[in-house]
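Pull up the model and have the sequence beside it. We'll walk through it in a few steps, beginning with the nucleic acid and ending with some backbone oddities.

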There are 4 protein chains.
Amino acid sequence: MTVKRKGPKYEKIIDAAVTVIAKHGYHQSQISKIAREAGVADGTIYLYFKNKEDLLISLFREKMGRFIDTTIDEIEHQKSVEDKLLTLIEMHFKQLSVDHELAIVTQLELRQTNRELRAKIGEVLKRYLELVDSIILEGIDQKVFQPNLDIRIVRQMIFGTIDETTTSWVMNDHRFDLIALAKPVHDLLINGFRYRPS
Amino acid sequence: MTVKRKGPKYEKIIDAAVTVIAKHGYHQSQISKIAREAGVADGTIYLYFKNKEDLLISLFREKMGRFIDTTIDEIEHQKSVEDKLLTLIEMHFKQLSVDHELAIVTQLELRQTNRELRAKIGEVLKRYLELVDSIILEGIDQKVFQPNLDIRIVRQMIFGTIDETTTSWVMNDHRFDLIALAKPVHDLLINGFRYRPS
Amino acid sequence: MTVKRKGPKYEKIIDAAVTVIAKHGYHQSQISKIAREAGVADGTIYLYFKNKEDLLISLFREKMGRFIDTTIDEIEHQKSVEDKLLTLIEMHFKQLSVDHELAIVTQLELRQTNRELRAKIGEVLKRYLELVDSIILEGIDQKVFQPNLDIRIVRQMIFGTIDETTTSWVMNDHRFDLIALAKPVHDLLINGFRYRPS
Amino acid sequence: MTVKRKGPKYEKIIDAAVTVIAKHGYHQSQISKIAREAGVADGTIYLYFKNKEDLLISLFREKMGRFIDTTIDEIEHQKSVEDKLLTLIEMHFKQLSVDHELAIVTQLELRQTNRELRAKIGEVLKRYLELVDSIILEGIDQKVFQPNLDIRIVRQMIFGTIDETTTSWVMNDHRFDLIALAKPVHDLLINGFRYRPS
DNA sequence: CATGAATGAGAGTTCATTCAT
DNA sequence: GATGAATGAACTCTCATTCAT
């Protein structure tokens, strides 16, 4: 049967899943535990999600969708390419800084899923990577970045650095100020890409 | 009950584990499947490893240990900091390029393990990160890199970029030439870190 | 809480149940599927039936009740014992021939129920078996059948043969002409029972 | 993985399944209950059977296979067609009379399974029906039975009668002497089929 | 009368680990 | 040392039934 994809319980279940996974880890997050956290019966989850995998993908889609939307919004207000990249990094760090649970889930726990699920998660990330690409292209276009940059490599450098930094922050129990790293990270990246005609 | 950590079967079992995990994925790699691939009985595995987790950690330790040793060896032959960093990147890409199975296991499959196991894997990586750190420090020391670099950030930038690039290569079924990316990746990184006194 | 046993929806639900069970099989005939087929809400079914078992029994009672009434009616018009038995067989075959869905449900699907339910179904069949018995007794009485017949055995022979023939017809997807078998079946039965004083 | 289809536990599990199903009914015969009855762990059942359905089919195949083999053996010792048919009926009644549990399982419980499983059970029965057919053909051939008999109908008459009689005996809690019915049932059947050239 | 969202008990199956041989 | 048969805990999902609206 088809499932309802909205309603207050839909949100409540997703939030409960984030909480439970952050607290107990992916492999210890049984449906019954999530249901209890959400204050619903086990069966109720199946009124809103096809199965457990569907819940996890929905979780990622909802949370990352909002994450990406907000980031895009903010970037559009920036004029220069440098500010756009800075905003990208800042927004990434900010949004995960204010939601430690979500950070744990996206950086650590959801990566423990099987290949199939990770592929679907990858699709959600596509929009994010396209956003990164658009900034890179604009930078090249405006001669702020070197003309012969390999987009793919630059994208992996930006994303790899941000991701590794965030993961490191999460694994250190959020002990340092992640947001404060946005500026120096940005500097190093820009520095690497910058066009310096001699 | 302590276990034997050497002997021909020890190696055989680890290699079998790599093969099975690369082929079937982490969650489809049961002890019995690994035993069959290794040509031993299920119980025999427990003569050499405390349990399944111990086998996986040993696998990572053995394989990454050799990986790091070889990398350190090669770097010692390099004079300049630039060449050392280049060698680090090249060795990383080369060693995974010649062993697709290992690449799949370290980049994709072993990340599906639980927090506890990943923490132990992290310890193995410490030596690698210390190697990276030593290069960075040398670069700063020799005024090749900016004096005020945040070591931690630079380390995450280097490792994050290399890791993300490799993962991307694995997820694209090793379709592009990973080794060829060493030079451009190196250029961008060095470019970012370089000291440019005005 | 007592239920209503009449009204247009009562019939509609029973017919929906026959259709759904014939199409999807007993174990794939959930209340919600029957409700959808009947064009009512799940809960509505519980206004007309105590529970699912009650619905199935009611289904059998309604359908078989009419089946038996019609058969009795027709038999009353027959004079000879031979014709009465022939009519019994013909009516059985005819009524199931014109309603393939009902045939599937009574011959195959409703037999997958538990002992308790089948016992109740057995009670509905009692009237049918009494009808058979009355024909046998009349046959003996009129010296058409052997005087020392074991009623029980003869009843089981008649019912077993008719039932097995019908089931075989259903399992062969109604591919042969069931009604055409009435005459030869009747001949063999009568032949077996006939009184032949030497 | 493939399963072992022999060994003492194989037999023990099948016998336990018969006992449990006879006692608690098909739908109340969980794997754990069967395992307990067999004195093995739940998982052990899966060393010998692919899944629950496989266990049920194996049960039927083993028990009915032996049933049919014994019946064929016994029939081969009979000279006349009449005696062969009598032996068929007697053996059927005898073998179920001495094993009340098996009778309950084959007559009542195993019929509650889904269509798919019943189809596989049907295949096992094929040999039995072929045996019946061979007797019928021999009877016609030797001019003991009428020359124009419809084999299919006769087969259904024989099987339907035997089956209905047995089921009736089981549903009456084995209260009457089933074996004693073999003779009169046989008489009625033979009587029905006999060739009487005028 | 009718609805349909919510409930929650219940069971087949997998697989890491043990231990008698 | 090596074997592999046996163990048994653990979890997702279905669906008959209820009851507030």
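Sort the residues of the surface near DNA strand E by character and you get 12 nonpolar, nine polar and eight charged. Keep in mind that this is a predicted model. In total, 29 residues surround DNA strand E, and the closest are Thr44(A), Tyr48(A), Lys4(C), Thr44(C) and Gln30(D). Of the atoms of this strand that come within 4 Å of the protein, sugar and phosphate make up 73%.

With that backbone share in mind, look at some individual phosphate contacts. The side chain of Lys52(D) has an N or O atom 2.7 Å from a phosphate oxygen of DNA strand E. Lys52(B) does something comparable from its own chain, with a side-chain N or O atom 2.8 Å from a phosphate oxygen of DNA strand E. Ala41(C) joins in through its backbone instead: a polar backbone atom there is 3.0 Å from a phosphate oxygen of the strand. As for secondary structure, the elements that give two or more residues to this surface are helix 3 of chain A, helix 3 (42-48) of chain C and helix 3 of chain D. Which of them gives the largest share of the surface near DNA strand E? That would be helix 3 of chain C, with five residues.

Now turn to the other strand. DNA strand F is surrounded by 29 residues, and the closest are Gln30(A), Lys52(A), Thr44(B), Thr44(D) and Tyr48(D). If you count the atoms of DNA strand F within 4 Å of the protein, 74% belong to sugar or phosphate, and the rest belong to bases. The residues of the surface near DNA strand F split into 12 nonpolar, nine polar and eight charged.

Three phosphate contacts are worth clicking on here. Lys52(C) puts a side-chain N or O atom 2.8 Å from a phosphate oxygen of DNA strand F. Tyr48(B) has a polar side-chain atom 3.0 Å from a phosphate oxygen of this strand. For Ile31(A), a backbone N or O atom lies 3.1 Å from a phosphate oxygen of DNA strand F. The elements that supply two or more residues to the surface near DNA strand F are helix 3 (42-48) of chain A, helix 3 (42-48) of chain B and helix 3 (42-48) of chain D. The largest share, five residues, comes from helix 3 of chain B.

Let's leave the DNA and look at a single chain. Chain A has nine helices and zero strands, so to speak a plain run of α-α-α-α-α-α-α-α-α when read along the sequence. Its C-alpha atoms fill a box of roughly 65 × 35 × 30 Å along the principal axes. Of the 198 residues in chain A, 54% are buried. Take the contacts in chain A between residues at least 6 apart in sequence, and 73% of them join residues at least 24 apart.

How do the chains meet, or fail to? Helix 8 (residues 151-171) of chain A packs against helix 8 (residues 151-171) of chain B at an angle of about 115°, with the axes 7 Å apart. This crossing of the two helices is right-handed. On the chain A side, the residues that take part include Gln156(A), Met157(A), Phe159(A) and Gly160(A), and on the chain B side they include Gln156(B), Met157(B), Phe159(B) and Gly160(B). The residues of this helix 8 contact divide into four nonpolar, 10 polar and two charged. Other pairs stay apart. Chain A and chain D do not touch, and their nearest C-alpha atoms are 22 Å apart. Chain B and chain C do not touch either, with nearest C-alpha atoms 31 Å apart.

Last, the backbone oddities. Most residues other than glycine have a negative phi. Asp173(A) has a positive phi of about 55° although it is not a glycine. You'll find Asp173(A) in the loop between helix 8 and helix 9 (182-193) of chain A, and at 51% relative accessibility it counts as exposed. Lys143(C) is another non-glycine residue with a positive phi, near 60°. Lys143(C) lies in the loop between helix 7 (115-141) and helix 8 (151-171) of chain C. Is Lys143(C) buried or exposed? Lys143(C) is exposed, because its relative accessible area is 60%, and the cut-off for exposed is over 50%.

Conventions: Residues numbered from 1 in each chain as written. Chains lettered and ligands numbered in written order. Predicted model: local features only at pLDDT ≥ 70, side-chain atom pairs only at ≥ 80, totals over all residues. Heavy atoms only, no water. Near = heavy atom within 4 Å. Polar contact = N/O pair within 3.5 Å; in protein donor to acceptor, adjacent residues only side chain to side chain. Helix = DSSP H or I, 4+ residues; strand = E, 2+ residues; numbered from the N terminus. Nonpolar A, V, L, I, M, F, W, Y, C, P; charged D, E, K, R; others polar. Axes fitted to C-alpha atoms, helices over the stretch in contact; angles between N-to-C directions. Left-handed = near helix turned anticlockwise from the far one by under 90°. Contact = heavy atoms within 4.5 Å. Buried < 20%, exposed > 50% of the residue type's maximum accessible area, 1.4 Å probe, protein only.
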